[in-house]
Amino acid sequence: MSEVVKKVLNEEQQEAVEYDGKTLLISAGPGAGKTFVLIERIKYLLHEKNVDPESILVITFTRKAADQLREKLSKDNEISDGDVNKMFINTIHSFCINFLSDNGCSDINLLESESNNERKLMFLRKHKKDLGFIREAHMSGGNLHAVIDKFNEYTTFKVKTPELVEYIKENRPVSQEYKDLIASCGEGDDFEYPYDEVKKSKELKESRYNARYLAIAKAYPQYIELLEQEASYDFNYLQVKVMEMLQNNESIAENSRFKNILIDEYQDIDPIQNNIFTILSKHSNTFTVVGDDDQSIYAFRGSVPKYFTDFADNIEKEDNPKKSSVKRLSTNFRSCPEVVEYNEELISEDREIEKNLLPDRTKKGGVYYLINDDVKIQANKIANIILHLRDKNKIKQYSDIAILLSSVKYSKGIDELLETFNAKGIPYNLSENESLMSNPEVKAMIILLWYMKEDGDKLILSGWEKDWLNLSAYSQVQDILKLDSNTCQILSDIEQEYQENIIKMEKEVYKKKTGKTSRKRTFKGVFERDDEIVKEIFDNVERFDLSKQSRTDLEKLGITNKHDLDLFENLYNTKQMLYDTTTEFYEKPSILDVYYDILQYSDILENRLENPTEENERVLRNLGLITETISNYEEIVTKYSINGLLWFIFQEFDNYSTSTIESDSVDKVQIMTVHKSKGLEFPVVIIGSIMEGKFPKHIDIYEEAQKDYIHQNPTYYTPLEYLEYKQKAYNTENETITEDDVITEENKESKRVFYVATTRAEDVLILSSITDDEGNIPEIMEPTIENDIYPEIIDDYNLIVETESEEREPEKERLRLSYTHLSEYDNCSQEYNLRYNYQFKNSKTKALTFGQVAHTILNLIHQKQIKYQKEGLEQVVNDEEIEEIIEQVKLFNQNIQNNENDEFKEIEQSIYKYWNENKNKYEIIGSEIPFSITYEEFDLEGKIDLIVKDKDSNDITIIDFKTTDEKNSQILADRYYKQLFTYAMAIKKLPDYDKYNIKEVMIYSVKFSQAIPIAISDLNITDVETSINETVENILSGQYAMCSDDSKCFTCEYNKSICRRK
């Protein structure tokens, strides 16, 4: 082992790093340097045990953690970039995608990301009828969040669907009265759910709840079937597929290249992951897990400490240190002695695995507490403490301070805290930023999209339309749209007159219907009446429709401002074109096309790209965020329904947060949830709003079982006996799990959440509690108050010690690039800026869709042939199999419509011709081969269409398929040679291809059945790598000049829309 490593590792760390047995569990407390030990363990395996780097699999909990680990390894002088690239370092979900791809499951459509489940919501909305969420179980889009929660639970804990369905039928019946009511409400498109009747009856509401409860349980198998049909996966089902493949065929694990497996944050694994890792560990040479059961805080995702502690127990029972061992890291390098001591007192009695954590640091820090009678007093005290720390230079920057809460959105006192910070001039950043809808540019674009809404026969208004989304809304966005005040006043007056007429009509209709006098005084209040009354009111009052007013009409109203008239004329013309009945439906502009037209007319982007201020950057990111939602909607649901998109936005955007920018983490107090803080550390940590039963939270699943709603959210409780993995997760040997056992365990987790919060502190920990109505302090605060070494802060802030903080650079997200990124930057840096920095999405063009579908078909043909090769069969994929593949792909691709089949036939015939001419020429080595190459400051990622080998040598050819209309082979070679040289460079760095010699690279033009070989040399590859590094340097330095070459604008998707090139 190298001398460098020996010098920096303490004795415990060195024992863990140098362990030579197969199975190792490293129990690492907070601040114990587990990531550092993980890196040194990898280096030890490489250098001392001579393991092949391609055999190393490292699983992290988040993508960010994987990026950071990969970056640290790439910067370590003792590990070559080549070795880092040969390892697989990523999240469990990325591993699962890679695993499925390696085993024949291509073109995985993920419905979730680490940040949101927007695509999953859209998928459920699209399939509401298929899933049975209609009629008796009628659900609006807003109800589907509860469905997602239940489906996640069902998958994670392996629900026993038939038994659960029977349980619900027997215990939660739907009344005949409710069934009869629903039956009387029409059929098909004429069905109207009886909201009024249900709202008025407790029994009917209970039946509706029960009907939905049953429908969710019955829908789950159908949901899985729909995922299968559309080759779509949520995170949980992605894991289930891998688990099932391994369980059905363990030889896959036995033959896997991953023989040295390291898993970080092992205490956070769920039941499915536990099953996957158990199988992989059986066939590994070394299996190392790192974690801390004291920091297991994700029970809501199925993670419980039992998997970690059982692992440790089994090792201890085996009592064979040469084969397996538990190593403890008990030195805390993060926190001062006072914080370490406090945390040990807090958690020690609840520990499963014995630890005795000690501080490495000697410099004095401090643990303090506040007792507040209410949230306003708390806010004022915290603000004054922060100002004192800054004014007295006890911290270097505001970002040295983190305020941790149980919830940012719902925590008691958050509004008062922010109000006080604003009043006292304290800069802050919320991990869950302010609502996206609070930004004028977002509200402006929603108003202009609303202008494009197609009128329906039925009066169905969203909550926004009943509240603020009307003609008066233009006044709210007057500045950002540069509207004249006279224009806004005219529109507001029209709206006010309309609402007054509605209120007046309500009184007449209500009197006529009931004989009573109405006391409604507001427009919104009118909607509290029965649907029948509301319909008659609105039928009798004509509404002014701005979108039907031509320029001349607006001038007659008194609108004279040229800018405003131009804007509304452009909007009017766009809407006329959008709903032109003479235009074929699929020839109409997509929603994104309309969005970009509106954005161009609005002038919201004027001078923003040219002047990248903090405000302009946030505006651009927010506008880009809207396009991401539209793009997802186009892909999952449809490209053409603005009304459908608006309903999704109406129901979801209030929950969306403003985009974050890099400066959010610079010199601002960081306010976040405890779960967001995991893995972070701060010189000063303030735990806010500690309240009895609230934080730490008291869990009572009996309440969930007995109440249909908690905090207005439906529970749809699943008894433990119908969740197979949940029983096992909490069960001990020969015992039956009960609800009481779960309550005990989940309340322990609440304490662990609090422990995670307190362990983020390096120098100063401040506990801020709020007393109850009787003046009692939270129970968790009692030991702190009774211990004289922890002072209470009343008004003497000088008690607080100075921190050892240093100036810190804000964390930058690691750059992930593909050849497409690099090519677009080289073509036009501003196009790259719009697409990748500001995330402006574009609709898939027909050409792009056809190209993607063709690639999918080709890949499935190649994968089937690879399967035959692996089975040692002489069989070759035949035309009947290709036809089956083509029909399967077309069936599940939403963007190939019936009227486009004739156009796609040309590509289909070309695919048959390609295969029949080439199927016997080569041996296929790989299809759609993913690669990821780590450099010091970026990762280069991509997929290679096809690699084939000569039958009588180790010479290989890299092939890239193109569906372009370009026929000229020289033009194609000039256009794409750099892409193919990039792929050749990647192949030389991939472990699976060490033994091969790259003979040539090739473009294959699918439409014209033309193979275009390109000779390649090591010099070509060197030149490409040099060019890539130069491009990356420009990207990292933020060079995004406006394009000056008109010829490049011709193919740019942003030309004449959002690009502001003069």
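# Exercises on a predicted model

Glu316 is found in helix 17 (residues 306–318). The structure is a predicted model, and the exercises below treat selected parts of it.

## Exercise 1. Describe the surroundings of Glu316

Task: Determine whether Glu316 is buried, partly exposed or exposed, and state which residues Glu316 touches.

Solution.
1. The relative accessible area of Glu316 is 44%. Buried requires under 20% and exposed over 50%, so Glu316 is partly exposed.
2. When residues up to four places away in sequence are not counted, Glu316 touches Val326 and Arg328.
3. As a long-range reference, consider Ile537, which is 221 residues from Glu316 along the chain; the two C-alpha atoms are separated by 76 Å.

## Exercise 2. Compare the expected and actual span of helix 13

Task: Helix 13 covers residues 202–229; establish what span is expected and what the model shows.

Solution.
1. The helix has 28 residues, and at 1.5 Å a residue it should span 40 Å.
2. The end C-alpha atoms of helix 13 are 40 Å apart, which agrees with the expected span.
3. The axis is nevertheless bent: at Tyr220 helix 13 bends by about 40°, and Pro221, a proline, follows within four residues.
4. The two ends can also be described. At the start, a side-chain oxygen of Ser201 comes to within 3.4 Å of the backbone nitrogen of Glu203. Just after the helix, Ala231 has a positive phi of about 50°.

## Exercise 3. Decide how enclosed helix 32 is

Task: Find how many of the 11 residues of helix 32 (residues 642–652) are buried, and draw a conclusion.

Solution.
1. The buried residues are Ile642, Gly644, Leu645, Leu646, Phe648, Ile649, Phe650 and Glu652.
2. These make eight of the 11 residues, so helix 32 is largely enclosed by the rest of the structure.

## Exercise 4. Place Ser829 in its environment

Task: State where Ser829 lies, whether Ser829 is buried or exposed, and what Ser829 touches.

Solution.
1. Ser829 belongs to helix 39 (residues 829–837).
2. The relative accessibility of Ser829 is 11%, and the limit for buried is under 20%; Ser829 therefore counts as buried.
3. Leaving aside residues up to four places away in sequence, Ser829 touches Glu824, Gln1039, Tyr1040 and Ala1041.
4. With Ala1041 there is also a polar contact: a polar atom of the Ser829 side chain lies 3.1 Å from the backbone oxygen of Ala1041.

## Exercise 5. Examine the backbone in three loops

Task: Describe the backbone geometry at Lys158, Lys482 and Pro696.

Solution.
1. Lys158 lies in the loop between helix 9 (144–156) and helix 10 (161–171). Its phi is near 55°, a positive value in a residue other than glycine. With a relative accessible area of 39%, Lys158 is partly exposed.
2. Lys482 lies in the loop between helix 24 (478–481) and helix 25 (485–514). Although Lys482 is not a glycine, its phi is positive, at about 55°. Its relative accessible area of 40% makes Lys482 partly exposed.
3. Pro696 is found in the loop between strand 15 (682–690) and helix 34 (701–706). The peptide bond from Phe695 to Pro696 is cis, with omega near 0°.

## Exercise 6. Count the disulfides

Task: State how many disulfides the model contains, and whether Cys185 and Cys336 are buried or exposed.

Solution.
1. A pair of cysteine sulfur atoms must lie within 2.5 Å; by this rule, the count is zero disulfides.
2. Cys185, at 14% relative accessibility, counts as buried.
3. Cys336, at 0% relative accessibility, counts as buried.

Key
Residues are numbered from 1 along each chain as its sequence is written. This is a predicted model: local features need pLDDT of at least 70, side-chain atom pairs count only at pLDDT 80 or more; totals for chains, interfaces and linings use all residues. Side-chain values use heavy atoms; hydrogens and water are left out. Helices (H or I, at least four residues) and strands (E, at least two) are DSSP runs, numbered from the N terminus. The expected span of a helix is 1.5 Å times one less than its number of residues. The bend at a residue is the angle between axes fitted to the seven residues ending there and the seven starting there. A polar contact is a pair of N or O atoms within 3.5 Å; within protein, one must be able to donate a hydrogen and the other to accept it, and residues adjacent in sequence count only if both atoms are side-chain atoms. Buried means under 20% relative accessible area, exposed over 50%, partly exposed in between (1.4 Å probe, protein chains only). Contact means heavy atoms within 4.5 Å.
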